[in-house]
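Subject: Structure handover

Hello,

I am passing the structure below on to you. My notes on what was found in it follow.

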Amino acid sequence: MTDLFRPNPRERDRALRAGLLAGSAAVEECLLAAVKSDAPFIADSGLGLLGTAQAWRLRPLLVLLAARFGDPHAPGVVPAAAAVELTHLATLSHDSVRDAEAARLTRPDPGALTDASVALLTGDFLFARASQILADLGPHAVRVQTAAYERVVTGQILSRTGPAEGCDPVAHHREVAAAQTGSLTGVSGRLGALAAGADDRAGEALARYGERLGTALRLTHDVLGPVAEGPLQAEAPGGPCHPQGHPAPRRALRDALRRARQARAALEDLPDCAARDALAGLCDAAATRAGR
């Protein structure tokens with residue numbers, strides 16, 4: 001989180017950092033409470049997912065930063081951040097089912113079917129918990145979440161079916177990235193603003209920002225591999241797929257760089273403050289990595 005702030009932080013930067021640390025700790029408590037279940041398999045799977053994704057809490061961070069454009073201490077902010085992360089974890093659980101199916105084709109395992117069933121049900125459980133939390137924030141929050149989740153599912157289907165005949169594979173990949181990742185990072189900005197009582201203009205700007213940033217990070221991740229310690233580390237080692245020598249990865253990185261710049265441009269509609277500086281820092285980190 002320190003990469004969000006200048007080497008010699010001003011007072012407002014120190015206050016933001018303290019607020020984000022406190023908010024993040026509260027989100028973790030909310031997540032731990034949400035994954036509790038009387039069914040041991042579901043509780044264990046939920047806790048496992050929490051641990052696996054702990055270094056990659058981008059969505060809750062975006063909710064907490066977006067809330068800075070309203071009342072960051074509003075009672076719905078932390079639950080909104082937890083709900084978005086639970087929705088994200090639900091998609092990870094469902095993705096593991098696809099991975100298990102692929103593994104069974106090459107390495108038949110009698111226990112794989114049971115594991116896949118538990119993962120599928122765990123994902124459904126986590127999404128239900130997220131919906132319960134958001135219900136307390138009102139019907140609009142639920143509609144925002146479910147619309148984003150619909151896009152995630154659409155992206156999962158598109159990723160499995162592949163591009164249609166005659167469709168540009170890079171454009172198809174960009175559409176999948178926006179649906180699977182950009183949708184939930186976009187809804188993070190929108191829900192953070194909504195929970196904090198920010199005005200509609202800020203909510204729209206934060207939603208645009210989040211979707212573009214998330215899409216940029218996903219496109220870069222798919223070419224260069226995962227970032228070493230989460231989305232705030234701009235200088236991470238390259239991953240398994242290198243862009244040299246093939247036009248498609250280079251095009252994907254150019255798309256990522258363009259999306260990162262568009263995300264930064266969306267911030268122009270927001271007031272100058274430490275939170276906007278932090279959001280801009282995430283854009284710069286994404287752009288640096290995409291443009292390397």
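Helix α10 has 17 residues, and at 1.5 Å a residue it should span 24 Å; its end C-alpha atoms are 24 Å apart, so the expected and modelled lengths agree. Please keep in mind that this is a predicted model. Most of α10 is covered, with 13 of its 17 residues buried. The helix runs over residues 274-290 and includes A285. A285 has a relative accessible area of 10%, so it counts as buried. In space, A285 lies 8.8 Å from A260, C-alpha to C-alpha, while the two are 25 residues apart in sequence.

The start of α10 also comes up in a pairing with R14, a residue of helix α1 (residues 11-34). R14 and A274 are 260 residues apart in sequence, yet their C-alpha atoms are 9.1 Å apart in space. R14 has a relative accessibility of 44% and therefore counts as partly exposed.

Overall make-up

The chain has 292 residues, of which 48% count as buried. It holds 10 helices and 0 strands, so the order of elements from the N terminus is α-α-α-α-α-α-α-α-α-α. Among contacts with a separation of 6 or more, 75% are between residues 24 or more positions apart.

Confidence

The mean pLDDT of the chain is 83, and 82% of the residues reach 70 or more. Helix α3 (residues 58-66) has the highest confidence, at a mean of 96, and helix α4 (residues 77-106) has the lowest, at 76. Within residues 101-106 the pLDDT is below 50, and this stretch has 5 contacts in the model beyond near neighbours in sequence. Residues 109-113 also stay under 50, with 3 contacts beyond four places in sequence. Where pLDDT is low, the predicted coordinates should not be read in detail.

Helices α2 and α3

Helix α2 covers residues 40-52, which is 13 residues. At 1.5 Å a residue the expected span is 18 Å, and the end C-alpha atoms are 18 Å apart, so the two agree. Which residues of α2 are buried? They are I42, A43, G46, L49 and L50. These residues cover an arc of only 130° around the axis, and therefore sit on the same side of α2. On the other side of α2, the exposed residues are P40, F41, D44 and T52.

For α3, the buried residues are L58, R59, P60, L61, L62, V63, L64, L65 and A66. That makes 9 of 9 residues buried, so α3 is largely enclosed by the rest of the structure.

A83 in helix α4

A83 is placed in helix α4. Its relative accessible area is 0%, so A83 is buried. Leaving out residues up to four places away in sequence, A83 touches A130, I133 and L134. The C-alpha atoms of A83 and V27 are separated by 9.3 Å, and the two residues are 56 residues apart along the chain.

The aromatic pair

How many aromatic pairs does the structure have? The count comes to 1 aromatic pair. F127 and Y149 form this pair, which is stacked, at 4.1 Å centre to centre and with 25° between the planes. The planes count as stacked because the angle is under 30 degrees. F127 belongs to helix α5 (residues 112-135) and Y149 to helix α6 (residues 139-161), so the pair links parts of the chain that are distant, 22 residues apart. Both F127 and Y149 are buried.

Cysteines

The structure holds 0 disulfides. A disulfide is a covalent bond between the sulfur atoms of two cysteines. Two cysteines can be described by their accessibility. C30 has a relative accessibility of 22% and so counts as partly exposed. C283, at 2%, counts as buried. The cut-off matters for C30, because buried means under 20% relative accessible area.

Regards

Terms used: Residues are numbered from 1 along each chain as its sequence is written. This is a predicted model: local features need pLDDT of at least 70, side-chain atom pairs count only at pLDDT 80 or more; totals for chains, interfaces and linings use all residues. Side-chain values use heavy atoms; hydrogens and water are left out. Helices (H or I, at least four residues) and strands (E, at least two) are DSSP runs, numbered from the N terminus. The expected span of a helix is 1.5 Å times one less than its number of residues. Buried means under 20% relative accessible area, exposed over 50%, partly exposed in between (1.4 Å probe, protein chains only). The arc is that of the directions from the helix axis to the C-beta atoms. A disulfide is a pair of cysteine sulfur atoms within 2.5 Å. pLDDT is the predictor's confidence in each residue, from 0 to 100. Contact means heavy atoms within 4.5 Å. Rings of Phe, Tyr and Trp (its six-membered ring) pair if their centres lie within 6.5 Å; planes under 30 degrees apart count as stacked, over 60 as edge-to-face and the rest as tilted.
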